[in-house]
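Please read the following report alongside the sequence and the three-dimensional view. The topics are the sheets, the helices that accompany them, two chosen residues and a pocket.

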Amino acid sequence: MKERATIDDVARMAGVAKSTVSRFLNGKPVREESARRIRQAIDHYGYEANVFARLSAKQSHIIGIILPGFDSTTTPRVLTAMDKYLRTKSYTPLFINTEGDLSYEVHSIGSLARMNVDGIIIVATYITPAHEKAVEEIDRPVIFMGQEFRPGVSILDDNLAAGEELGRYIAARGLTDVGLIWVSEDDIAVGLQRKEGILRGLAAGGVTKVRNYLADFTYRTACAVARDILRAPQRPQILVCATDRIAYGVYKAAQELGLRIPQDISVTGFGGYETSELLAPPLTTLRFDAETQAVVCADTVLKMIQGDPVSPKQLVGYHFIEGGSVDRK
């Protein structure tokens with residue numbers, strides 16, 4: 001097996017001291033000619049610096065990323081976009097999966113700071129006072145993605161505007177009896193703001209009859225809740241779902257009960273997943289630009305590391321996708 005090149009090999013080929021190579025790898029200034037020769041040597045050997053050795057450097061060029069799990073449809077897209085962007089800037093992501101454990105999430109903020117990462121991105125589901133305290137106690141730039149962190153910096157989906165557009169669309173289709181299959185308002189972004197947008201859009205179109213049904217983010221729960229709604233003698237004309245995954249549960253329940261979409265029940269979602277186009281009929285939904293949000297997060301944390309000014313709240317847009325799942329009355 002071919003031996004892995006060392007920093008000594010790179011320094012020898014570049015004709016510079018080992019300390020100069022180390023300075024270059026840690027993002028510190030070196031002479032332009034030296035930098036050019038070091039790059040050539042790195043390319044020649046295919047040299048990769050030891051990531052964990054960099055954790056003891058003044059600047060590690062590592063960004064800690066805390067996420068609640070890998071089971072979300074959008075998470076792989078987010079992490080891929082973030083990783084690709086950070087690598088173009090010579091930074092390495094260090095991912096921590098909390099599996100939805102909020103106490104571990106809070107603990108990880110301090111752990112990453114002690115590991116000397118240059119910045120931290122938190123893909124958040126909830127923000128608690130414990131999060132705020134943990135951020136206050138460290139001296140690293142921190143960004144929250146997906147939930148608004150009022151004391152600091154957040155990158156968010158424009159849930160309010162997206163919800164309002166969908167609400168207006170539903171009202172314009174003549175649907176006046178609306179059911180919302182939603183998640184807990186503990187989730188401020190989806191449970192509260194996205195819902196508020198829907199209600200605003202419906203009200204603007206003259207629709208005030210809205211029924212609320214509680215679910216969670218899982219397909220299994222969505223199926224169970226949808227079955228109960230669809231079995232009722234006076235069901236709503238449309239079920240507006242907090243996510244596409246919940247909408248999938250409605251499709252499944254409707255199929256089991258012999259109901260047609262949209263003739264017997266209209267359905268909408270949020271997410272715009274590729275799989276939503278494979279439904280029959282395709283789902284009417286809104287796609288948030290997760291890849292752009294990820295890149296904005298990565299770019300913003302790098303600006304914060306350099307001490308550049310950033311906006312404390314940045315909204316990322318969405319695209320309306322009209323499928324065939326909403327009837328016109």
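## The four-stranded sheet

Strand β6, which covers residues 177–182, runs parallel to strand β8, which covers residues 238–241, and the two are joined by four bridges. Within this pairing, I181 has C241 of β8 standing opposite. The model in which these strands are described is a predicted one.

These two strands belong to an open sheet of four strands, paired in parallel and arranged in the order β7-β6-β8-β9. The edges are occupied by β7 (209–214) and β9 (266–268), each of which has a single partner strand, so one side of each is left without a neighbour in the sheet. Ignoring direction, neighbouring strands of this sheet are turned against each other by 20° on average.

## Helices on the four-stranded sheet

Helix α8 packs on this sheet, where α8 touches β6, β7 and β8, and the direction of α8 makes about 170° with that of β6. Helix α9 lies across the strands β6, β7 and β8 as well, running at about 140° to β7.

Helix α9 spans residues 219–231 and includes T221. Is T221 buried, partly exposed or exposed? With a relative accessibility of 25%, T221 counts as partly exposed, because buried would require under 20% and exposed over 50%. When residues up to four places away in sequence are not counted, T221 touches A215 and D216. The C-alpha atom of T221 is separated by 7.8 Å from that of G249, although the two residues are 28 residues apart along the chain.

## The six-stranded sheet

A further open sheet has six strands, which follow the order β2-β1-β3-β4-β5-β11 and pair in parallel. Its edge strands are β2 (92–97) and β11 (313–316), each of which pairs on one side only. On average, and with direction ignored, neighbouring strands of this sheet are turned by 20° against each other. Helix α5, made up of residues 102–114, packs on this sheet and touches β1 (62–67), β2 and β3 (119–123), while the direction of α5 makes about 175° with that of β1.

Elsewhere in the sheet, strand β4 (residues 142–145) is paired with strand β5 (residues 153–157) in the parallel sense, over three bridges. The bridge partner of M145 in β5 is I155.

## A buried residue of helix α11

Q293 is located in helix α11. Which residues does Q293 contact, leaving aside its neighbours within four places in sequence? They are M145, G146, I155, L156, D157 and V316, and M145 and I155 are the bridge partners already described. At 4% relative accessibility, Q293 counts as buried, because the cut-off for that class is under 20%.

## The largest pocket

Rolling a probe the size of a water molecule over the atoms shows where empty space is left. The largest pocket contains about 1100 Å³ of space. Its lining consists of 40 residues, and those that lie nearest the centre are P68, S72, T74, T125 and F217.

Several helices contribute to this lining: α4 (75–88), α5, α8 (188–204) and α11 (290–305) each supply at least two residues. Two of these helices have already been placed on the sheets, since α5 packs on the six-stranded sheet and α8 packs on the four-stranded one. Sorted by class, the lining of the largest pocket comprises 18 nonpolar, 15 polar and seven charged residues.

Technical notes:
Residues are numbered from 1 along each chain as its sequence is written. This is a predicted model: local features need pLDDT of at least 70, side-chain atom pairs count only at pLDDT 80 or more; totals for chains, interfaces and linings use all residues. Side-chain values use heavy atoms; hydrogens and water are left out. Two strands pair if DSSP finds at least two bridges between them. Axes are lines fitted to C-alpha atoms, for helices over the stretch in contact, and angles run from 0 to 180 degrees between N-to-C directions. Contact means heavy atoms within 4.5 Å. On a 1 Å grid over the protein atoms alone, a cavity is a set of points where a 1.4 Å probe fits but cannot get out, and a pocket is an open set with protein on both sides within 12 Å along at least five of seven lines; lining residues have an atom within 4 Å of a point. Grid points are joined across faces, edges and corners, and a volume is the space filled by probe spheres set on the points. Ala, Val, Leu, Ile, Met, Phe, Trp, Tyr, Cys and Pro count as nonpolar, Asp, Glu, Lys and Arg as charged, and the others, Gly among them, as polar. Buried means under 20% relative accessible area, exposed over 50%, partly exposed in between (1.4 Å probe, protein chains only).
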